[in-house]
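Here are a few notes to read alongside the model while you find your way around. Keep the 3D view open and click along as you go.

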Amino acid sequence: MRISLRRLGEEAHACRRCSRTLEPNPVFRVGASARLLIVGQAPGRRVHETGIPWNDPSGDVLRQWLVMDRATFYDVRRIAIVPVGLCYPGTVDGADLPPPPRCAPLWQPRFRAALPKIELTLLVGMYAQEYYLGTRRKASLTDTVRAYKEYLPDFFPLPHPSWRNRAWASRNPWFAREVLPVLRRRVKVIIARSDETARLAR
């Protein structure tokens, strides 16, 4: 029997499997009617402290890529956000540690099963692409993002919008010129479909 999304969310929030190595505070947002799923890597310190996913400069950049305001971005009726690592993994020498490898296999399949209306999943960063694309990934993140058409209509790989990747964007102007317009069009259509469904349900 498929677990309800509410029950699954309660279980995920209560998860303490990694409590010996990090301070548990699972951060995600889900709604049964969501059509767009955003899978990032893991919460950073600011997200950990506020409990709001992408509530940091990286989130600001991601919303710029999507041409989306915060109200739409955080509307769980439209968009679900479930990172491959639900909790902040900590840092070493100022850099965030990778998501715990046990987290994604534990929670991603269950959340996907409880989100039946998802039409497109944004794979933001290397860890999300590694989990979902596996051997279908290219030799580098750059090559994977450039080959985004190969993963449609289910997945759309993106670089992580961290400040550390500003140099990447400068070296790869094709991303803003060729990839972002396609991303924005697809997301706009999906959000519009969500809004129409909600309107008809009133």
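The points below go through some charged pairs and then one helix.

1. First, a caveat: what you are looking at is a predicted model. Side chains of opposite charge can pair when their charged atoms come close. With a cut-off of 4 Å between a Lys or Arg side-chain nitrogen and an Asp or Glu carboxyl oxygen, the count here comes to 10 salt bridges. I'll pick out a few of them.

2. Start with Arg6 and Glu10, whose closest N and O atoms are 3.7 Å apart, so the pair falls within the 4 Å limit and counts as a salt bridge. Both sit in helix H1 (residues 5-13), and because they are 4 residues apart, about one helical turn separates them. Arg6 is exposed, at 69% relative accessible area, while Glu10 is partly exposed at 45%.

3. Now go to helix H3 (residues 57-66), where Arg63 and Asp60 lie 3 residues apart, again about one turn of the helix. Their side chains meet in a salt bridge, 3.0 Å from N to O. Is Arg63 buried or exposed? Arg63 is buried, with a relative accessible area of just 5%. Its partner Asp60 is partly exposed, at 38%.

4. What does the salt bridge between Lys138 and Glu150 link? The N-to-O distance for this pair is 2.8 Å, and the two residues tie together distant parts of the chain, 12 residues apart. Lys138 is in the loop between helix H6 (126-133) and helix H7 (141-146), whereas Glu150 is in the loop between H7 and strand S6 (155-158). Both ends are partly exposed: Lys138 has 30% relative accessibility and Glu150 has 46%.

5. Not every salt bridge stands alone, by the way. Arg7, Glu11 and Arg110 are joined into one network by salt bridges that share partners.

6. Last stop, helix H5 (residues 103-113). Which of its residues are buried? Cys103, Ala104, Trp107, Gln108 and Phe111 are, each of them under 20% relative accessible area. These five residues are on the same side of H5, because they cover an arc of only 105° around the axis. If you turn the model to look at what that side faces, you'll find the buried residues of H5 packing against H1, strand S1 (36-39) and H6.

Note on methods: Residues are numbered from 1 along each chain as its sequence is written. This is a predicted model: local features need pLDDT of at least 70, side-chain atom pairs count only at pLDDT 80 or more; totals for chains, interfaces and linings use all residues. Side-chain values use heavy atoms; hydrogens and water are left out. Buried means under 20% relative accessible area, exposed over 50%, partly exposed in between (1.4 Å probe, protein chains only). The arc is that of the directions from the helix axis to the C-beta atoms. Contact means heavy atoms within 4.5 Å.
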